[in-house]
Amino acid sequence: MGVEQSIQQCRTDCNEMQKVYCEGNGDPIQAGQTEVVDLAGMPNTKKWVDVKGVARGTRQFEVMLHRVGDHWRTLGLLVSPDDDPNYLIVDDVWQPSLVAEWNARNPEDKQVRPGDIILSVNGIGKSGEAMLNQIQGSGRGSKLHLLLQSES
């Protein structure tokens, strides 16, 4: 099965699961936060590397998210570990979500897109696992400061 087929199957499965496990507005019935998914088996489609400085043809930008409002439970990022376990790769952005709201309010060069690299979360970097823990441990009212790298 190719990457595109895997992503489509994942979306189909997610839609079916949402009917069973989510409220009408899309919020999970259970209290656990499940918006960040580790897809370690997915192939890496990133075309650039180097995160020690800003690699040629890339730029860094910051995203500030506040877990409030209708979508406070849904960050809206599907992420996977990078080949380098120090970073996370954005595989998809879901809607509706906090990240989708951020993207709608910000210019294109500040929007989170599939393929972006998450360098740090609330100042915690150099560990994809620690960044996932920081995201998953954030609750209602908390703030998330993400530093990302994207192709220019």
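Two strands count as paired if DSSP finds at least two bridges between them. Helices (H or I, at least four residues) and strands (E, at least two) are DSSP runs, numbered from the N terminus. What you see above is a predicted model, in which local features need pLDDT of at least 70, side-chain atom pairs count only at pLDDT 80 or more, and totals for chains, interfaces and linings use all residues. Residues are numbered from 1 along each chain as its sequence is written, and side-chain values use heavy atoms, with hydrogens and water left out.

Let us start with strands S2 and S3. They form a hairpin with six residues between them, and they pair in the antiparallel sense over five bridges. Follow the bridges yourself: leucine 77 has valine 93 in S3 as its partner, while serine 80 has isoleucine 89 in S3. S3 also pairs with S4, again in the antiparallel sense, over two bridges. Here leucine 88 is matched with isoleucine 118 in S4.

How enclosed are these strands? Buried means under 20% relative accessible area, exposed over 50%, and partly exposed in between (1.4 Å probe, protein chains only). Four of the five residues of S2 are buried, so S2 is largely enclosed by the rest of the structure. The story is similar for S3, where five of the six residues are buried, so that strand is largely enclosed too.

Now turn to the helices. In H2 (residues 98-105), Leu98, Val99, Ala100, Trp102 and Asn103 are buried. These residues pack against S1 (58-66), S2 and S3, where a contact means heavy atoms within 4.5 Å. In H3 (residues 128-136), the buried residues are Gly128, Met131, Leu132 and Ile135. They cover an arc of only 100° around the axis, which puts them on the same side of H3; the arc is that of the directions from the helix axis to the C-beta atoms. An α-helix has 3.6 residues a turn, so residues three or four places apart point the same way. The buried residues of H3 pack against S2, S3, S4, S5 (124-125) and S6 (143-151).

For a single residue to look at, try serine 120 in strand S4 (residues 117-121). Serine 120 is buried, with a relative accessible area of 13%. Leaving aside residues up to four places away in sequence, serine 120 touches Gly125, Met131, His145, Leu146 and Leu147.
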